[in-house]
Amino acid sequence: MKVLGQKLVTNQPGTITIVPEKPDDLWLLFNLIAKGDVVSTTTSRKIQKSSDSTNKKNNSRVKLELEIKIATIDYDKSCSIIRVKGKTILSNEHVKSGVFHTLELETKKEFNLMKELWNEETIGILKDGSGQNGSKSDLGVILMKEGFAEILLIGKNATNHCATIRGEKVAKNNSNSKKFFENIFVSFRKYIDMDVVPYVVIASNESIKDEFRVYLLLEAQRSKIKSIESNKSRILMVNKNNVKEILSDKVVMSVIKGTKNEMDMKVLDEFMNLVLTKCGMACYGTKSVEYAHELMAIETLLITEEILENKDVKLRKKYLGLKKSVNEAGGKVVQFNDVQGHRLAQMTGVAAILRFPIPNLDELVL
């Protein structure tokens with residue numbers, strides 16, 4: 001999610017420009033936008049015009065900018081669209097002020113959001129969604145095989161799939177091969193900034209990764225791209241063919257040491273060890289975790305991204321509420337993406353490390 005405009009000040013009014021980039025951005029915004037906020041964006045409206053000579057009415061659509069004060073907000077999970085309804089603030093030649101209109105907010109569509117008061121929570125939600133809380137990617141990945149490549153960013157809470165590049169299986173050094181590498185290079189430049197991303201991994205079980213690295217460095221030298229030339233030592237090569245294998249590679253693990261990815265995996269390992277010892281210091285499953293929270297016993301809540309992004313809006317709100325409540329009670333929340341959290345997902349996707357032991361918790365819940 002892109003956020004442009006003025007710097008927001010806690011407990012002060014402010015207006016910002018937002019561009020949602022993926023469906024999950026819209027879910028975050030649904031939890032951010034509230035009744036009384038003002039939204040403006042472009043839309044189209046059907047306009048009736050009468051012909052002076054025939055009195056015939058003709059319908060046409062015009063594009064215009066509308067600004068409304070929100071009365072209701074709705075999230076359509078089937079197509080990932082937010083609909084905000086409210087009264088228009090300013091009149092124009094096609095729309096009068098004070099009339100109810102509905103605006104649709106969707107991915108890639110820019111809109112302005114104004115709040116009379118941006119509190120600490122809403123600013124925090126916005127920063128998390130736009131990557132302004134230091135949630136930069138720990139690792140850029142180019143995953144390759146003949147005729148196919150993927151660009152990924154592995155970060156604080158998610159593994160983001162940025163692009164898929166397809167080409168023909170071709171012989172080395174021919175024009176099709178060059179075009180394929182050129183397309184990968186363009187996507188690499190678009191999504192991975194080596195002045196920001198600490199390390200880049202080019203991964204494949206085939207020799208194509210070595211060929212592409214040569215192409216990448218030559219192209220960077222030819223085009224004088226300093227961010228690549230000066231950081232080429234941070235481009236790693238690994239013989240792996242999926243993200244899980246990449247993250248378990250010894251070389252990759254050594255360079256991401258101390259990043260949030262590694263620290264989160266240590267938390268998951270701690271939880272698994274507590275479960276195995278049956279010491280009553282860990283629990284998993286929604287009912288057990290909720291009961292432990294009622295007793296103010298949760299030290300660390302472990303939850304998967306899949307749970308928090310459930311397509312059922314009610315369930316999403318339930319787990320987001322749990323996450324928020326644990327934070328407010330002084331607990332820590334660790335969110336796992338699908339790569340990190342596959343073990344946790346097999347154990348319902350929600351779990352907790354406790355402040356004090358609660359023996360036989362499952363029996364107490366039942």
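Here is a friendly chat about a predicted model, going through a few of its helices, charged pairs and single residues.

Colleague: Let's begin with the cysteines: how many disulfides does a search of the whole structure find?
Modeller: A disulfide needs two cysteine sulfur atoms within 2.5 Å of each other. The search covered the whole structure, and the number of disulfides it found is 0.

Colleague: Is C283 buried or exposed?
Modeller: Buried means under 20% relative accessible area. C283 has a relative accessible area of 5%, so C283 is buried. For comparison, C279 has 34% and is partly exposed. The word for C283 is buried.

Colleague: On to the helices: at what angle do α9 and α11 pack?
Modeller: Two packed helices are described by the angle between their axes and the distance between the axes. Here α9 covers residues 286–294 and α11 covers residues 313–328. Their axes are 11 Å apart, and the angle is about 30°.

Colleague: What is the hand of the crossing where α9 passes α11?
Modeller: We already have the angle of about 30° between these two helices. The crossing of α9 past α11 is left-handed.

Colleague: Which residues of α11 does α9 meet, and how many residues of the contact are nonpolar?
Modeller: From α9 come T286, V289, E290 and H293, and from α11 come K318, Y319, L322, S325 and V326. Sorted by class, this contact has 3 polar and 2 charged residues, and the nonpolar ones number 4.

Colleague: Now for charges: how many salt bridges does a search of the whole structure find?
Modeller: Side chains of opposite charge can pair when their charged atoms come close. One such pair is R83 with E104, with 3.0 Å from N to O. Across the whole structure, the number of salt bridges is 9.

Colleague: How many residues apart in sequence are the parts that R83 and E104 tie together?
Modeller: The side chains of R83 and E104 meet in a salt bridge. R83 sits in strand β5 (residues 81–88) and E104 in strand β6 (residues 100–105), so the pair ties together parts whose separation in sequence is 21 residues.

Colleague: Which helix holds D269, the salt-bridge partner of R343?
Modeller: The closest N and O atoms of R343 and D269 are 2.8 Å apart. This pair links distant parts of the chain, 74 residues apart: R343 is in α12 (residues 342–345), while D269 is in helix α8.

Colleague: Which residues are joined into one network by salt bridges that share partners?
Modeller: We have met R83 and E104 as a salt bridge of 3.0 Å, N to O. Through shared partners, the network is made of D76, R83 and E104.

Colleague: In the salt bridge of D210 and K209, is K209 buried or exposed?
Modeller: The D210 and K209 side chains meet at 4.0 Å, N to O. D210 has 39% relative accessibility and counts as partly exposed. K209 has a relative accessible area of 6%, so K209 is buried.

Colleague: Which residues does T304 touch, leaving out those up to four places away in sequence?
Modeller: T304 lies in strand β14 (residues 298–304). With a relative accessible area of 4%, T304 is buried. The residues T304 touches are F336, G341, L344, A345 and G349.

Colleague: Last one: what separates the C-alpha atoms of K244 and H342?
Modeller: K244 is in helix α6 (residues 243–248), and at 46% relative accessibility K244 counts as partly exposed. K244 and H342 are 98 residues apart along the chain, and their C-alpha atoms are separated by 9.7 Å.

Conventions
Residues numbered from 1 in each chain as written. Predicted model: local features only at pLDDT ≥ 70, side-chain atom pairs only at ≥ 80, totals over all residues. Heavy atoms only, no water. Buried < 20%, exposed > 50% of the residue type's maximum accessible area, 1.4 Å probe, protein only. Axes fitted to C-alpha atoms, helices over the stretch in contact; angles between N-to-C directions. Helix = DSSP H or I, 4+ residues; strand = E, 2+ residues; numbered from the N terminus. Left-handed = near helix turned anticlockwise from the far one by under 90°. Contact = heavy atoms within 4.5 Å. Nonpolar A, V, L, I, M, F, W, Y, C, P; charged D, E, K, R; others polar.
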